[in-house]
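Trainee: I would like a close look at one part of this model, with its setting described step by step.

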Amino acid sequence: MEYNPARNADARHTCLKLELPSASGRSNASIFIRGTWFTSHFHLSITDGFDAWTCEGSDAEVRQRAEQWDQSVSEYIALAERYLGFQQPDSKYGFEDAGKGHRRLSWTFEKEGTKLEWRWKCQPSSDSKQNIVEILDFLMDANIRLSEEVIRKTQSFEKLKVEAERCLSQSQTFSNEKAEFESAAYAKFIDVLNSKKAKLRELRDRISKINGKAVEDDESSDKAQRFDGGSDDENAIEMYRDSGSDSADA
């Protein structure tokens with residue numbers, strides 16, 4: 001089956017740089033896997049920089065393998081995209097010779113405590129140079145998009161930083177003005193309070209003087225009454241005594 005990019009418009013694209021242990025064990029070998037993921041099938045382009053391979057996961061084959069693993073097609077596609085779109089550290093990958101120029105791409109994963117392995121056979125590309133160019137173009141485009149995104153994020157961050165500094169400066173100004181206003185209002189309140197206290201003290205002194213004078217007037221009145229003489233009953237008795245009456249009725 002020939003790969004047709006226009007077959008499905010909602011395709012997702014990934015490109016994984018997969019680190020593989022070399023046969024000698026001295027250093028790791030790297031391959032690039034470009035994946036194009038659809039709803040029910042996928043296409044892989046693979047290169048080690050010299051040669052290229054392709055892998056077609058057709059609708060029928062994906063459905064057959066999904067049934068073998070008791071999965072839906074969407075679950076199978078999602079799991080394959082997860083492991084071939086990003087290298088999983090807990091997975092063991094392989095890209096081994098399968099004879100006649102073919103390669104076998106494999107990766108492991110765990111399901112319900114059981115280690116499982118998926119394998120897909122990759123055939124030599126009919127146009128290795130074209131496949132390598134497509135992968136390099138994809139990587140360059142992705143790098144350009146990433147660089148542009150970094151520039152946009154940096155510019156946005158700088159704008160936010162300037163705005164934050166401006167807001168901080170305004171906040172500091174408002175805080176200073178608030179403190180000055182509170183200090184001035186407190187000072188005025190203290191002045192008014194002291195003035196009220198002084199008036200209250202003045203009124204209290206006046207009331208004290210008025211009360212003191214009233215007490216003195218009362219004392220003077222009491223003394224004058226004592227100097228005038230006794231009560232009316234005492235005066236009446238004196239009058240009878242002066243009349244010299246010796247009668248019993250008197």
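How many of the 6 residues of β4 are buried?

Mentor: In β4, 5 of the 6 residues are buried (under 20% relative accessible area with a 1.4 Å probe, protein chains only), so this strand is largely enclosed by the rest of the structure. The model is predicted, with local features requiring pLDDT of at least 70 and side-chain atom pairs pLDDT 80 or more, while totals for chains, interfaces and linings use all residues. Residues are numbered from 1 along each chain as its sequence is written, and side-chain values rest on heavy atoms, without hydrogens and water.

The strand β4 covers residues 52-57, a strand being a DSSP E run of at least two residues and a helix an H or I run of at least four, numbered from the N terminus. On one side, β4 runs antiparallel to β3, to which 6 bridges join it (pairing requires at least two DSSP bridges), and within this pairing H43 stands opposite E56 in β4. The hairpin of β3 and β4 has 4 residues between the strands, and G49 takes a positive phi near 100° there. With β7, β4 pairs in the antiparallel sense over 2 bridges, and here W53 stands opposite P124 in β7.

W53 is also among the residues touched by S45 (heavy atoms within 4.5 Å), as are F32 and I135, leaving aside residues up to four places away in sequence. S45 lies in strand β3, residues 42-47, and counts as buried because its relative accessibility is 3%.

Finally, helix α1, residues 59-68, has V62, R65 and A66 buried, and what covers these buried residues includes β4, together with β3, α2 and β7. The face of α1 turned away from its buried side carries E67 and Q68, which are exposed (over 50%).
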